[in-house]
Amino acid sequence: MLSRASFGRLGCALDNQPYVVPIGFASEGNDIFVLSTFGQKIEWMRANPKVCVQIDEIQSGTEWASVIATGHYEELREPQFTDERNHARKLLEKRHGWWQAPLAERQLKSDDDLVIPLFFRIRIDSMTGLRAVPKTGS
């Protein structure tokens, strides 16, 4: 399910305060790759790298699946992670409009014309999930 998904919710926390935001992503193996810009979630994850990502596949109110992956944040900074950044970009480029939401949103909120993209990955430590299926017959 994780390999099919390209959208989810990222959960992070700082000083006992949770924060959940939508993210676009690509996954491979035990890694989830994300393009972002600097803001609250990055600030919080730098301080507390323990995070989770939740994704859903919803067919109806009685037929759905949900997965939560817990892990830790790792920023893919230059020049240390050049190869990983390039790999993340290649995976994300397969998703339509992969760069639009994070960069356009930050551009609207910023007076600065230059918005610097930031790549990070979540190294998955564990996953859990639930599935609901409709009952057949009476």
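What follows is a walk through this fold, from the overall layout down to a few individual side chains. Keep in mind as you go that this is a predicted model.

Let's start with the big picture. The secondary structure comes to three helices and seven strands. If you read along the sequence, you meet them in the pattern β-β-β-β-α-β-β-α-α-β. The protein has 138 residues, and 37% of them count as buried. The outside adds up to about 8,800 Å² of exposed area, with carbon and sulfur atoms supplying 51% of it. As for how the chain meets itself, take the contacts with a separation of 6 or more: 67% of these are between residues 24 or more positions apart.

Now for the sheet. The seven strands make an open sheet in the order β2-β1-β5-β6-β7-β4-β3, and the pairing is antiparallel. At the edges sit β2 and β3, each of which pairs on one side only. Going from one strand to the next, the twist averages 30°. In general, strands of a sheet pair through backbone hydrogen bonds, in either a parallel or an antiparallel way. For a concrete example here, look at β4 and β7: they run antiparallel and are joined by six bridges. Within β7, I122 is the bridge partner of I32.

Another spot to look at in the sheet is Q54, which is found in strand β5. Is Q54 buried or exposed? Its relative accessibility is 17%, so Q54 counts as buried, given that the cut-off for buried is under 20%. Leaving aside residues up to four places away in sequence, Q54 touches G8, R9, S66, V67 and I68. Of these contacts, V67 is one you can check with a distance: its C-alpha atom and that of Q54 are separated by 5.6 Å, although the two residues are 13 apart along the chain.

Next, the helices that pack on this sheet. Helix α1 covers residues 40-47 and lies across β1, β2, β4, β5, β6 and β7, running at about 55° to β1. Its buried residues are K41, I42, W44 and M45. Looking down the axis of α1, you'd see these buried residues fall within an arc of 165°, so they line one face of the helix. What do the buried residues of α1 pack against? Their partners are β1 (7-14), β2 (17-24), β4, β5 (50-60), β6 (63-75) and β7.

Helix α2, residues 82-92, has its own buried set: R85, A88, L91 and L92. Down the axis of α2, the buried residues fall within an arc of 125°, so here too they line one face of the helix. The face turned away from that buried side carries the exposed residues D83 and K90. The buried residues of α2 pack against β3 (26-28), β4 (31-36) and β7 (118-132). As for orientation, the direction of α2 makes about 85° with that of β4.

Finally, the aromatics. How many aromatic pairs does a search of the whole structure find? It turns up two. In one, the rings of Y19 and W44 have their centres 5.4 Å apart and their planes at 50°, so the pair is tilted. This pair links distant parts of the chain, with Y19 in strand β2 and W44 in helix α1, 25 residues apart. W44 is buried, with a relative accessible area of 12%, while Y19, at 26% relative accessibility, counts as partly exposed. You've already met W44 among the buried residues of α1.

Y73 and F120 also form a tilted pair, measuring 5.1 Å centre to centre with 55° between the planes. Here too distant parts of the chain are linked: Y73 is in strand β6 and F120 in strand β7, 47 residues apart. Y73 counts as buried at 8% relative accessibility, and F120 is buried as well, with a relative accessible area of 0%.

Key:
Residues are numbered from 1 along each chain as its sequence is written. This is a predicted model: local features need pLDDT of at least 70, side-chain atom pairs count only at pLDDT 80 or more; totals for chains, interfaces and linings use all residues. Side-chain values use heavy atoms; hydrogens and water are left out. Buried means under 20% relative accessible area, exposed over 50%, partly exposed in between (1.4 Å probe, protein chains only). Helices (H or I, at least four residues) and strands (E, at least two) are DSSP runs, numbered from the N terminus. The arc is that of the directions from the helix axis to the C-beta atoms. Contact means heavy atoms within 4.5 Å. Rings of Phe, Tyr and Trp (its six-membered ring) pair if their centres lie within 6.5 Å; planes under 30 degrees apart count as stacked, over 60 as edge-to-face and the rest as tilted. Two strands pair if DSSP finds at least two bridges between them. Axes are lines fitted to C-alpha atoms, for helices over the stretch in contact, and angles run from 0 to 180 degrees between N-to-C directions. Accessible areas come from the Shrake-Rupley method with a 1.4 Å probe; for residues, only the protein chains shown count as cover.
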